[in-house]
Amino acid sequence: MQHKTYFVPSLGRRVRLTVSAKGIKTIDRDGIDSVVTRLIAAGKRF
């Protein structure tokens, strides 16, 4: 697990996420906006 900081253009701010290597690959593949949208829909806070 790693702490990564990403800038999310749709929110206009940076978010700090705790992600695995597979999570980083998913963010690289799908894009941070898509991943953050899914996290918000799931009710996660960051």
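1. At roughly what angle do the axes of helix H1 and helix H2 cross? In this predicted model, the axes of H1 (residues 21-30) and H2 (residues 32-41) cross at roughly 115° and come within 6 Å. The contact is formed by Thr26, Ile27 and Asp30 of H1 with Ile32, Ser34, Val35 and Arg38 of H2. By class, 3 of these residues are nonpolar, 2 polar and 2 charged.

2. Strand S1 (residues 2-8) and strand S2 (residues 13-19) run antiparallel and are joined by 7 bridges. Thr5 stands opposite Arg16 in S2. The hairpin of S1 and S2 has 4 residues between the strands, and Gly12 adopts a positive phi near 75° there.

3. The largest nonpolar core comprises 10 residues: Tyr6, Val8, Val15, Leu17, Val19, Ile24, Ile27, Ile32, Val35 and Val36. At least two of its residues come from each of S1, S2, H1 and H2. Such an arrangement may be set beside a general tendency: in soluble globular proteins, nonpolar side chains tend to be buried together.

4. Tyr6, a member of this core, touches Arg13, Arg14, Val15, Leu17, Ile24, Ile27 and Ile32, leaving aside residues up to four places away in sequence.

5. The whole structure contains 2 salt bridges. Asp30 pairs with Arg29 at 3.0 Å (N to O) and with Arg38 at 2.8 Å (N to O), and Arg29, Asp30 and Arg38 are thereby linked in a network.

6. Accessibility varies within that network. Arg29 is exposed, with a relative accessible area of 63%. Asp30 is partly exposed at 32% relative accessibility, and Arg38 is partly exposed at 45%.

Conventions: Residues numbered from 1 in each chain as written. Predicted model: local features only at pLDDT ≥ 70, side-chain atom pairs only at ≥ 80, totals over all residues. Heavy atoms only, no water. Axes fitted to C-alpha atoms, helices over the stretch in contact; angles between N-to-C directions. Contact = heavy atoms within 4.5 Å. Nonpolar A, V, L, I, M, F, W, Y, C, P; charged D, E, K, R; others polar. Pairing = 2+ DSSP bridges. Core = buried A, V, L, I, M, F, W, Y, C linked by side-chain atoms within 4.5 Å. Buried < 20%, exposed > 50% of the residue type's maximum accessible area, 1.4 Å probe, protein only. Salt bridge = Lys/Arg side-chain N within 4 Å of Asp/Glu carboxyl O.
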